[in-house]
Amino acid sequence: MENKLKIIFLDRNTVGPFELKEIFSKYGEYTEFNLTNDDDVASYLKDYDVVILNRIRLGKKEFEKAPNLKLVLLTGTGFNHIDLVAAKEHGVSIANVAGYSTNSVSQLTMTFLLNELTKVEKLSQKVKENKWNELSVNMDNYYHVDTEDKILGILGYGNIGQKVAEYAKSFGMKVMVAKIPGRKYTDNSDDRYDLDEVLEKCDIFSIHAPLTDLTKDLINLDRMKKMKKSAIILNLGRGPIINEEDLYYALKNNIIASAATDVMTTEPPKNDCKLLELDNFTVTPHLAWKSQKSLERLFAAIENNLNLFLENKLIGVESK
C-alpha cells in the first residue's frame, strides 16, 4: 500500500503497552501522544488525516482546526465525547468498535458483585491489620451473603448485559431486565420489566447501558429510595447514568448498602470527590475493557474500520 495517510493517536497511554506502530505505519506516517482534555488538542490536529483516540473530547473547535481530517477511529464503543453534528458538518467519519470487551467487562462485573457480597477486600485488609482473631469472634459484621436466589437487576441488555445474566444464573441468581423509560423496544417486551419494579425487587442492580438523553441521571435519589436498604448498585456503563451527588447521599445515609463502579462522571475524579471518602463505595479506573484479549480484538477491529473507510465501505456512527 502506498504510504499516504498521516495518522495520530492522541491519548496513546489509555490502551497500555500494546504495540501499535507496526499496525498503523503500514498506512502512512504514524504519530503518538499522551494528551488529556486539559491539553490544547486542536493544535495537534491540523496536519492529520486520521485521528485515533479513546477519551479525548472532539467538538466544533477541534474539527474547525483540522482541515485535512477525514476519519476518527475510536478505541471503544461509546462516542458521547464526540460532537457528531460538527463532525458531519466538516465531512469527518466517526468509527467506533462494539463487542470487543464483552468478556472482560462481564468478568469485572461479577468480581464487583462477589466482592460486595463476600467482602474479600475488606476481610483481607483486616487480616493484614492483625485482626484475624477479632474477625473470627465477631463474624456478624462480615458474614458472606449467598448469591443463591438473589435477584440481579440489569439495565442495558446488549452483549455485556446478556453475558452478565448468564454468569449470574450460573451462581443461582434470578435476573430481571429493566426497561429504560421512554425507550421503544422491538423485541419481546414481556421479558423486560418496568425500571421501578426492578429497583424495588432486586438485591443487586447492574448498569450496562450507554449514555443517552434517556439514561443521563436516570438513577437518582428518588429511584434509589425505591431500593432495598441491603441493595447494591454496580455501574459498568457510563458515569453520568447515576447522579453522583444523590449516590453519595444514599450511601452516606444507608438508603442502599453499597456501590461499585468502573466509571465516573468526571474521570479521573477530582480530589474533593466525596464518594471517595466512603467505605461502602468501591471504584476502579475505567479499566473493565482493558484485558489483553480485548485489546487484541479491539485493534483488529480498528484496523478493519480503517480499511473499510479506505474502501468507501465504512458505515460508522451517526448523530440522531
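Which residues is S206 in contact with, leaving aside its neighbours within four places in sequence?

**View 1. S206 sits in strand β9 (residues 204-207).** Its partners, leaving aside neighbours within four places in sequence, are T109, L152, G153, I154, L155 and L234; contact means heavy atoms within 4.5 Å. This is a predicted model, in which local features need pLDDT of at least 70 and side-chain atom pairs count only at pLDDT 80 or more, while totals for chains, interfaces and linings use all residues. Residues are numbered from 1 along each chain as its sequence is written, and side-chain values use heavy atoms, with hydrogens and water left out. S206 is buried, at 0% relative accessibility. Here, buried means under 20% relative accessible area, exposed over 50%, and partly exposed in between, with a 1.4 Å probe and protein chains only. Helices (H or I, at least four residues) and strands (E, at least two) are DSSP runs, numbered from the N terminus.

**View 2. Seven strands form an open sheet with parallel pairing.** Follow the strands in the order β8-β7-β6-β9-β10-β11-β12. The edges belong to β8 (192-193) and β12 (281-283), each of which has a single partner strand, so one side of each is left without a neighbour in the sheet. Strands count as a pair if DSSP finds at least two bridges between them. One such pair is β10 (residues 232-235) with β11 (residues 258-261), joined in the parallel sense over four bridges. Look for L234 of this sheet opposite A260 in β11; L234 is also among the residues in contact with S206. Helix α7 (residues 159-170) lies across β6 (151-155) and β7 (174-178), and runs at about 175° to β6. Axes are lines fitted to C-alpha atoms, for helices over the stretch in contact, and angles run from 0 to 180 degrees between N-to-C directions.

**View 3. Five strands make up another open sheet, again with parallel pairing.** The order to trace is β2-β1-β3-β4-β5. At the edges stand β2 (28-32) and β5, each with a single partner strand, so one side of each is left without a neighbour in the sheet. From one strand to the next, the twist averages 15°. Helix α11 (residues 292-310) lies across β1, β3, β4 (71-74) and β5, and its direction is at about 160° to β4.

**View 4. Strand β1 (residues 5-9) pairs with β3 (residues 50-53) and with β2.** Why is β1 largely enclosed by the rest of the structure? Four of its five residues are buried, so the strand is largely enclosed. The parallel pairing of β1 with β2 runs over five bridges, and that of β1 with β3 over three bridges. On the β2 side, I7 has Y30 as its bridge partner. Towards β3, I8 stands opposite V51 and F9 stands opposite I52. In a regular strand, side chains alternate between the two faces of the sheet.

**View 5. S101 lies in the loop between β5 (93-95) and α4.** Is S101 buried or exposed? With a relative accessible area of 7%, S101 is buried. Not counting residues up to four places away in sequence, S101 touches W289 and S294.

**View 6. A301 belongs to helix α11.** A301 counts as partly exposed, with 23% relative accessibility. To place A301 in the wider picture, find E166: the two are 135 residues apart along the chain, and their C-alpha atoms are separated by 25 Å.

**View 7. The largest cavity has a volume of about 50 Å³.** In all, the structure holds two cavities of 30 Å³ or more. On a 1 Å grid over the protein atoms alone, a cavity is a set of points where a 1.4 Å probe fits but cannot get out, and lining residues have an atom within 4 Å of a point. Grid points are joined across faces, edges and corners, and a volume is the space filled by probe spheres set on the points. Around the largest cavity you will find N235, G239, I242, E244, L247, T261, V263, M264, L275 and F281. This lining divides into six nonpolar, three polar and one charged. Ala, Val, Leu, Ile, Met, Phe, Trp, Tyr, Cys and Pro count as nonpolar, Asp, Glu, Lys and Arg as charged, and the others, Gly among them, as polar.

**View 8. The second largest cavity holds about 40 Å³ of space.** Its lining is made of N115, E116, K119, V120, E121, K122 and T282. Helices α4 (102-118) and α5 (120-128) each supply at least two of these residues, and α5 gives the most, with three. The lining of the second largest cavity divides into one nonpolar, two polar and four charged.

Notes:
On a 1 Å grid over the protein atoms alone, a cavity is a set of points where a 1.4 Å probe fits but cannot get out, and a pocket is an open set with protein on both sides within 12 Å along at least five of seven lines; lining residues have an atom within 4 Å of a point.
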